[in-house]
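User: Hey, got a minute to walk me through this complex? I'd like to know what sits where before I do anything with it.

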Amino acid sequence: MNKTSKTKLQILWSMKKWPKDYVNWRLTTAYPNGWKYAIKHPIIFLKDLWKFLNWCQMIDKEIK
Amino acid sequence: MLSLKIKDITFKSPIIAASGTFGYGDEVQKIVDMNKIGCIITKSITADEREGNPHPRIHESTSGMLNSIGLSNIGVKNFCDKKILKLNDLNTHFIVSIAGSTMEDYIKVLDTLEKSQGQHVGYEINVSCPNVKAGGMEFGINKDMVFQLTSELRKMTKKLLFIKLSPNVTDIEDIALSAESSGADAISAVNTFLGMAIDYKTGKFLLSSKFGGLSGPAIKPLALSKIYKIYNQIKIPVIGMGGISKVSDIVEFLRVGSTMIQVGTLNYRDPSIISKFYDQLKSFMIENKINDISDLIGDCK
């Protein structure tokens, strides 16, 4: 990862401005019951989040 | 400079938010500058509410994303009751994406939307759905089914009618011609490419439905070739999409014949990316002394 790439923490931090409705929609896209599924399956949710953050870093490189 | 017209509708920018990547439209209005978005295409709406496919239904792959969400959506009644009035207040146009399993489904959804108070300027018909009455064959892979579906929907509305084509066909230009001759106002091309992912250690499928649609930068060269082929066969506008991740990609899509372009997968990385692209496209045009966006359309040698 080069110095200009965002770390996973920075990517997570940049998501803090996402409105609740938008986060809810994203969870509904990923899971059949949206946020309820994420709460019932926290390990799956964390694994998916990790994969997503890896993907964000890969896409950031692509954009640059 | 960036504004353009399709039929009687003026869009302030050629850059559109692709269906399924921008919520229904209202969820993002606090984080994006709607003045810099040409149009929003809603998540696909079906006749009834759908939960979609079981988890896992998204797989992040190299330079792309595989999804088999299964048209999860709130259904046309809830959409008209809970969403459409909020979308009327967006400071940009919106188009409703429609999906269905039978011709009757599409007709029901469009009819309900026509009777609603929505100020949508048109419809994008997602024909990459299995036709239950034709043994599950996708509407979009058969030119006769596309012709019949487009003709029926054309009779029902004067609003813009875009037909969103699947790239998973032998001759996409034939399907585009069918849509054009049956009354479509534009062709949206292309939807996702059929793909698959498995775990090399366990052999397990990484999507619950085994197959999914691949989008993102990985498909860009494939999408460009499909758009170029369509553009050279039809007279109505092409709305190009498929792996746009930089402003230079937008210019490439315009040059191969897109009148407008849709940004999809990148919205998952940054929902405000379209407004950034708007500024970058404007700068590109100033730097290269291009006065009108239409000067770029089809300009490839």
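Analyst: Sure. One cut-off to start with: a residue is buried if 20 or more other C-beta atoms lie within 10 Å of its own, and exposed if 12 or fewer do. Also keep in mind that this is a predicted model.

User: OK, give me an example. How many C-beta neighbours does B:Ile37 have inside 10 Å, and is it buried or exposed?

Analyst: B:Ile37 has 29 C-beta neighbours inside 10 Å, so it counts as buried.

User: Where is B:Ile37 found, and what does it touch?

Analyst: B:Ile37 is in the loop between S3 and strand S4 (39-41) of chain B. Leaving out residues up to four places away in sequence, B:Ile37 touches B:Ser13, B:Ile15, B:Ala17, B:Val32, B:Thr92, B:Ile274 and B:Ser275.

User: And how far is B:Ile37 from B:Ser61 in space?

Analyst: They are 28 Å apart, C-alpha to C-alpha, with their positions 24 residues apart in sequence.

User: B:Ile274 came up there. Which residues of H8(B) are buried?

Analyst: The buried residues of H8(B) are B:Ile273, B:Ile274, B:Phe277, B:Tyr278 and B:Leu281. Viewed down the axis of H8(B), they fall within an arc of 145°, so they line one face of the helix.

User: What covers them, and what is on the other side of H8(B)?

Analyst: The cover includes strand S3 (15-17), helix H6 (247-255), strand S16 (258-263) and H7 of chain B. On the other side of H8(B), the exposed residues are B:Asp279, B:Ser283, B:Ile286 and B:Glu287.

User: What span should helix H8 have?

Analyst: Helix H8 of chain B runs over residues 273-287, and at 1.5 Å a residue its 15 residues should span 21 Å. The end C-alpha atoms are 21 Å apart, which agrees.

User: Switching to chain A. How many helices and strands does it have?

Analyst: Chain A has 4 helices and 0 strands, and along the sequence the pattern reads α-α-α-α. Its C-alpha atoms fill a box of roughly 35 × 25 × 15 Å along the principal axes.

User: What percentage of chain A is buried?

Analyst: Buried residues make up 12% of its 64 residues.

User: Which residues of H4(A) are buried?

Analyst: Those are A:Trp55, A:Cys56 and A:Ile59. They cover an arc of only 115° around the axis, which puts them on the same side of H4(A).

User: What do they pack against?

Analyst: The buried residues of H4(A) pack against helix H1 (8-14) of chain A, together with strand S5 (58-61) and helix H7 (266-269) of chain B. The face of H4(A) turned away from the buried side carries exposed A:Ile43, A:Leu46, A:Lys47 and A:Trp50.

User: How many residues are in contact between chain A and chain B?

Analyst: 20 residues of chain A are in contact with 19 residues of chain B. H4(A) gives the most to the side of chain A that touches chain B, with 8 residues. By class, that side has 14 nonpolar, 2 polar and 4 charged residues.

User: What ipTM does the predictor give the complex?

Analyst: The predictor gives an ipTM of 0.92 and a pTM of 0.96. For chain B, the mean pLDDT is 96, and 99% of its residues reach 70 or more.

User: How many residues are in the largest nonpolar core?

Analyst: That core has 94 residues, and those with the most contacts inside it are B:Ile125, B:Phe162, B:Ile187 and B:Ile227. The largest share, 6 residues, comes from helix H5 (residues 220-231) of chain B.

User: Pick B:Ile227, then. What is it in contact with?

Analyst: Beyond four places in sequence, B:Ile227 is in contact with residues including B:Ala189, B:Val238, B:Phe253 and B:Val256.

User: Last thing, backbone oddities. Which peptide bonds are cis?

Analyst: The bond from B:His55 to B:Pro56 is cis, with omega near -5°, and B:Pro56 lies in the loop between S4 and S5 of chain B. The bond from B:Ala189 to B:Val190 is cis too, with omega near 5°. B:Val190 is in the loop between strand S12 (186-189) and strand S13 (193-196) of chain B.

User: And what about phi at B:Lys7 and B:Lys289?

Analyst: B:Lys7 has a positive phi of about 55° although it is not a glycine. B:Lys7 counts as partly exposed, with 15 C-beta neighbours inside 10 Å. Phi of B:Lys289 is near 55°, and B:Lys289 is exposed, with 6 other C-beta atoms within 10 Å.

How values were computed. Residues numbered from 1 in each chain as written. Chains lettered and ligands numbered in written order. Predicted model: local features only at pLDDT ≥ 70, side-chain atom pairs only at ≥ 80, totals over all residues. Helix = DSSP H or I, 4+ residues; strand = E, 2+ residues; numbered from the N terminus. Arc of directions from axis to C-beta. Contact = placed C-beta atoms within 7 Å. Nonpolar A, V, L, I, M, F, W, Y, C, P; charged D, E, K, R; others polar. Core = buried A, V, L, I, M, F, W, Y, C linked by C-beta atoms within 7 Å. pLDDT = per-residue confidence, 0-100. Expected span 1.5 Å × (residues − 1).
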